[in-house]
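Biologist: Take me through the charged pairs of this model, then on to the strands and the packing around them. Go slowly enough that I can follow along on screen.

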Amino acid sequence: MQLSVEERAAIENGQTVRCAIPGSNVRCVVIRDDVFEALQLPVSVVEEDMLNDIYLGLSHDSPDDWKHPSEWEAGVKS
């Protein structure tokens, strides 16, 4: 990929530059590495969040035969 003088100056000044890869429909964004790192939002994963994500994924894949946790009756003796 070749950048114009203006594009290179923009990147050096912390700006993003949009470009297309010649001969394809692929569009890219070029950004300076330290600017990209500053944009990253820290993510803290809580175990319950992971369990909720797993439950949602499983219930989405098999909604007809997946019970809601309130229906599990864990610890209830028959």
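Modeller: Start with the charges: a search of the whole structure finds two salt bridges (a side-chain nitrogen of Lys or Arg within 4 Å of a carboxyl oxygen of Asp or Glu). A word on the input: this is a predicted model, where local features need pLDDT of at least 70 and side-chain atom pairs count only at pLDDT 80 or more, while totals for chains, interfaces and linings use all residues. Residues are numbered from 1 along each chain as its sequence is written, and side-chain values use heavy atoms, with hydrogens and water left out.

One salt bridge joins R8 to E12, with the closest N and O atoms 3.0 Å apart. Both residues sit in helix α1 (helices are DSSP runs of H or I with at least four residues, strands are E runs of at least two, and both are numbered from the N terminus). R8 and E12 are about one helical turn from each other because they lie four residues apart in α1. R8 counts as exposed, because its relative accessibility is 53% (buried is under 20% relative accessible area, exposed over 50%, partly exposed in between, with a 1.4 Å probe and protein chains only). E12, at 48%, counts as partly exposed.

The other salt bridge links D34 and R32. Here the closest N and O atoms are 2.6 Å apart. D34 is partly exposed at 45%. R32 is partly exposed too, at 31%. Side chains of opposite charge can pair when their charged atoms come close.

Now place these in the fold. The protein chain has three helices and two strands. From the N terminus on, the order is α-β-β-α-α. The strands are β1 (17–20) and β2 (27–30). β1 and β2 pair antiparallel over four bridges (pairing takes at least two DSSP bridges between two strands). Six residues separate β1 from β2 in this hairpin. In the turn, G23 has a positive phi of about 80°. V26 also belongs to the loop between the strands. V26 counts as partly exposed, because its relative accessibility is 41%.

Next, look across the strands. C19 stands opposite C28 in β2. A20 stands opposite R27 in β2. The two faces of β1 are unlike in cover: V17 and C19 form the covered face, R18 and A20 the uncovered one.

Stay with C19. Leaving aside neighbours within four places in sequence, C19 is in contact with M1, V26, R27, C28 and V30 (contact means heavy atoms within 4.5 Å).

C19 also belongs to the largest nonpolar core, together with A10, I11, V17 and V30 (a core is a set of buried Ala, Val, Leu, Ile, Met, Phe, Trp, Tyr and Cys residues joined through side-chain atoms within 4.5 Å). The core has five residues in all. α1 (5–12) and β1 each supply at least two of them. In soluble globular proteins, nonpolar side chains tend to be buried together.

Finally, the whole chain. Buried residues make up 10% of the 78 residues. Among contacts with a separation of 6 or more, 3% come from residues 24 or more positions apart.
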